[in-house]
Each structure stands twice: as structure tokens, then as C-alpha cells.
Amino acid sequence: MDRSTRARRRASLLVASVVAALTLAAAPVAAQSPAPSLADPADQLALISRFYELLALDPGSQKSDGLRAFLGPEFQIQRTNGDHFGRDEYAAEPAQVHTWAIESFDLTTSADGTVAVVTYLVTTDSTIDETTQTTTAPRLAVFHWDGSDWTMSALGNFTALPASSAASAPAPSPAPSPAG
């Protein structure tokens, strides 16, 4: 085989390698789809409800596996008692929700539509650490579109102030006056 034939084979092999590399690199991008619109309140409510539907499943591997799949790898939860957990810790021992009702919600999405932040008020009848209670409290949830589905990135639980406490709370301090 002469020198020019070897050079053509190398060039052909190089072109074939580049095409294969580009095809493989583009494959994951092609598989990802843009985030669906959450403009419809029914879609917003369905996204929030997925979390509670998973928590309502009977304890076991189906619940744990389903929850782990729905929670993003970056997931963090902050409970009102100060406890906080990552995805694997929380999925291993999640709350058991018996009933829930989402009473109001407000959803905001990022400019590219891949992040959704939701504030909402929910009443739950749930068991956490063997204590069953009914509570109504505000929540803050963050969701992320991973290219194929929405995952939950964070959940902050807040304690609702009783109406009597809110009425007796001190007035906010006045804003400082500008220097002048």
C-alpha cells in the first residue's frame, strides 16, 4: 500500500470518527425535550400533587423508588422542626400522608421554563416519626425540568402562625430614612 492510499484511509477513518462522535454527542440532546408549559393551573396543581400522591402510597420499595425518581439528585427538604434531609435520606423514611388538600398556590417559572418555583398552602393529615397530625401550613417547592420530566429540587415547610399570634406580633420597624 502506497503512501497516498494510507493517507486517504487515515483521512476517511478520521472523518468517520468525527461523524460518529458528533452523532453520539447529539443523541442525548435529541432525546431531551423542552419543558412543557405550566401556564394551565391544572398542570401546576398536578405537578404539586405528584409529591403528595407518592407520599400517600403504602410504605415499601414502590414508594421509596418512586419518590427517589421524582426527587432530583440535588433535593433538599427543610422541616419546621429544623430537620433537613437530602434525597436518599428522605426517600428512605418519608412522611406518610393520609390525606391532603392544596388550598392555594402561585407558580413562577424561569425565563427558559426549566425551573418552577411554587408557593402554596396545604392541609395534610400525615404521620412523621410515628406522630400523626393534621396541619395547615405554607410550603415552598422548587422543580427542575431534566429534559424528560419534572423533578423536585427543594421543599421548604413553614409553620403557620395562629391568627391570634399574627394580630399580637410587633409592628415592623420603619425603613431607615435616606442619608441626606
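Arg68 is partly exposed in this predicted model, with a relative accessibility of 26%. That value falls between the 20% limit for buried residues and the 50% limit for exposed ones. Arg68 takes part in a salt bridge with Asp65, with an N to O distance of 3.9 Å. The pair counts because the cut-off is 4 Å. Both residues belong to helix H3, which spans residues 61-70. They sit three residues apart, so about one helical turn separates them. Asp65 is likewise partly exposed, at 47% relative accessible area.

Arg68 also pairs with Asp88. Here the closest N and O atoms are 3.1 Å apart. This salt bridge links distant parts of the chain. Arg68 lies in helix H3, whereas Asp88 lies in helix H4, residues 87-92. The two are 20 residues apart. Asp88 has a relative accessibility of 43% and is therefore classed as partly exposed.

A further salt bridge joins the side chains of Asp88 and Arg87. The N to O distance is 3.5 Å. Arg87 is partly exposed, with a relative accessibility of 23%. In general, side chains of opposite charge can pair when their charged atoms come close. Asp65, Arg68, Arg87 and Asp88 thus form a network of linked salt bridges. Within this network, Arg68 is bridged to Asp65 and to Asp88, and Asp88 is bridged to Arg87. The count for the model comes to four salt bridges.

Asn157 was examined next. Asn157 is located in strand S6, which covers residues 150-157. At 14% relative accessibility, Asn157 is buried, because the limit for that class is under 20%. The side chain of Asn157 makes a polar contact of 2.9 Å with the side chain of Arg139. Beyond its neighbours within four places in sequence, Asn157 contacts Ile77, Gln78, Arg79, Thr80, Pro138 and Arg139. Arg139 thus appears both among these contacts and as the polar partner of Asn157.

The two sites can be set side by side. Asn157 is buried, at 14%. Arg68, at 26%, is partly exposed, and so is Arg87, at 23%. Asp88 and Asp65 are partly exposed too, at 43% and 47%. In the network, the side chains are linked by salt bridges. At Asn157, the side chain is joined to Arg139 by a polar contact.

Methods:
Residues are numbered from 1 along each chain as its sequence is written. This is a predicted model: local features need pLDDT of at least 70, side-chain atom pairs count only at pLDDT 80 or more; totals for chains, interfaces and linings use all residues. Side-chain values use heavy atoms; hydrogens and water are left out. Helices (H or I, at least four residues) and strands (E, at least two) are DSSP runs, numbered from the N terminus. Buried means under 20% relative accessible area, exposed over 50%, partly exposed in between (1.4 Å probe, protein chains only). A polar contact is a pair of N or O atoms within 3.5 Å; within protein, one must be able to donate a hydrogen and the other to accept it, and residues adjacent in sequence count only if both atoms are side-chain atoms. Contact means heavy atoms within 4.5 Å.
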